[in-house]
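User: Hello! I have just opened this structure and would like a friendly tour. Could you take my questions one at a time?

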Amino acid sequence: MDIGVSTFLTDYGIDPLVLARGVEERGFSALFLTEHTHIPTSRRSPWPGGAELPRQYSHTYDPFVALAAMAAVTSRIALGTGVTLINQHHPINLAKQVASVERLAPGRVELGVGPGWNKEEMAHHGIDPRRRTPQMLERIEALRAIWTQDEAEYHGEFVDFDPIWSWPKPTAAPPVLIGGGGPTVLDRVLSHGDGWIPLRVRLKELDAFAERIAELRRRTAEAGRDHLSVTIFGAVPKPDALDSYAQAGVDRVLFTLTDREGPDADAATLAELDTLADLLRP
């Protein structure tokens, strides 16, 4: 099982290039960045994590700008998003952004996607929260068309464009990882994904989660599809937990780094990476 890290990369935290080098030098397999284009001040949508929304949500870097810079100072680690709020991007623009980063890091870019939870944020982008899932699926289809076709076109309910020329093309279409943990998420993973990236599967839920992985494996085989990866975002960084994840059939875990601020953020985050890297050793 691979072990990577994820973070809310903020303008007040660790330097992005220091982080990328630190992750690769310590032997982790991946670095994933979160995304919010902005946070509405209304706060009408409750944060799923609790009462008060942490400051980091409104201070994140654009993940694709940051990943492009990180690509230049690394050579091995996977670079991904966990997750891109895909409905808040026009697919023509997003296809070019992701392809451009992939050309800088061939074969190392993964696109985690989700529809999001903040209804006001969606509304600012003209998205009807009640239709967010079908809109997400159309955008995934449009991305793949642009990545793989010289003259791509797409005609759907939410996305519609006539034939276009758009380069660069990625060296290979980046894997699309479907976020979410609801009752129908495996349908979307099988129909539109190359993998599954659920959020914070609690240890007491692992038996049920293992059954869902077994279901995914069975349905993947029945559909004649290749292996669909399972990445847990926000994994528990403890040896016993890692053993449990591996036994459940998880392919990769991502540890979430602590949000840090100020002149000591670089050193403190690197020290945290040192501690987490101890889990990489047998």
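User: How many positive and negative side chains does the protein chain have, and how far apart do the centres of the two sets lie?
Analyst: Happy to help, and please keep in mind that this is a predicted model. The protein chain carries 29 positive side chains and 39 negative ones. The centres of these two sets are separated by 3 Å.

User: How many helices and strands does the protein chain have, and what is its radius of gyration?
Analyst: There are nine helices and 10 strands in the protein chain. For 282 residues the globule rule gives 19 Å, and the chain comes close to that, so it is as compact as a globular protein of that length. The radius of gyration itself is 18 Å.

User: What share of the residues is buried?
Analyst: A residue counts as buried when its relative accessible area is under 20%. Across the 282 residues of the protein chain, the share that counts as buried is 50%.

User: What area does the protein chain expose, and what part of it do carbon and sulfur atoms supply?
Analyst: The C-alpha trace spans about 50 × 45 × 40 Å along its principal axes. The exposed area of the protein chain is about 13000 Å². Carbon and sulfur atoms supply 51% of that area.

User: Which strands pair with strand 7, and in what sense?
Analyst: Strand 7 covers residues 176–179. One partner is strand 4 (residues 109–114), joined in the parallel sense over three bridges, with Gly112 opposite Leu177. Another is strand 8 (residues 195–197), where Ile178 stands opposite Trp196. Three bridges link strand 7 to this partner as well, and the pair runs parallel, so the names to remember are strand 4 and strand 8.

User: Which way do the residues of strand 7 point, and are they buried or exposed?
Analyst: Val176 and Ile178 point one way from the strand. Leu177 and Gly179 point the other way. On both sides, these residues are buried.

User: Where does His192 lie, and which residues is it in contact with beyond its neighbours within four places in sequence?
Analyst: His192 lies in helix 6 (residues 185–192). His192 has a relative accessible area of 12%, so it counts as buried. Two of its contacts, Val176 and Ile178, belong to strand 7. Leaving aside neighbours within four places, the full list is Leu137, Ile140, Glu141, Arg144, Val176 and Ile178.

User: Which residues are joined by cis peptide bonds, and what is omega in each case?
Analyst: Most peptide bonds are trans. One cis bond joins Gly82 and Val83, and Val83 lies in strand 3 (residues 78–85); another joins Trp167 and Pro168, with Pro168 in the loop between strand 6 (160–164) and strand 7. Omega is about -5° for Gly82 and Val83 and about 5° for Trp167 and Pro168.

User: Where are Arg43 and Arg200, and what is phi for each?
Analyst: Most residues other than glycine have a negative phi. Arg43 sits in the loop between strand 2 (30–33) and helix 2 (63–72), and at 30% relative accessibility it counts as partly exposed. Arg200 belongs to the loop between strand 8 and helix 7 (206–222) and is partly exposed at 44%. Both have a positive phi: near 60° for Arg43 and near 45° for Arg200.

Note on methods
Residues are numbered from 1 along each chain as its sequence is written. This is a predicted model: local features need pLDDT of at least 70, side-chain atom pairs count only at pLDDT 80 or more; totals for chains, interfaces and linings use all residues. Side-chain values use heavy atoms; hydrogens and water are left out. The radius of gyration is taken over C-alpha atoms; the globule rule is 2.2 Å times the number of residues to the power 0.38. Buried means under 20% relative accessible area, exposed over 50%, partly exposed in between (1.4 Å probe, protein chains only). Accessible areas come from the Shrake-Rupley method with a 1.4 Å probe; for residues, only the protein chains shown count as cover. Lys and Arg count as positive and Asp and Glu as negative; His and the chain ends are not counted. The place of a charge is taken as NZ of Lys, CZ of Arg, CG of Asp or CD of Glu. Two strands pair if DSSP finds at least two bridges between them. Contact means heavy atoms within 4.5 Å.
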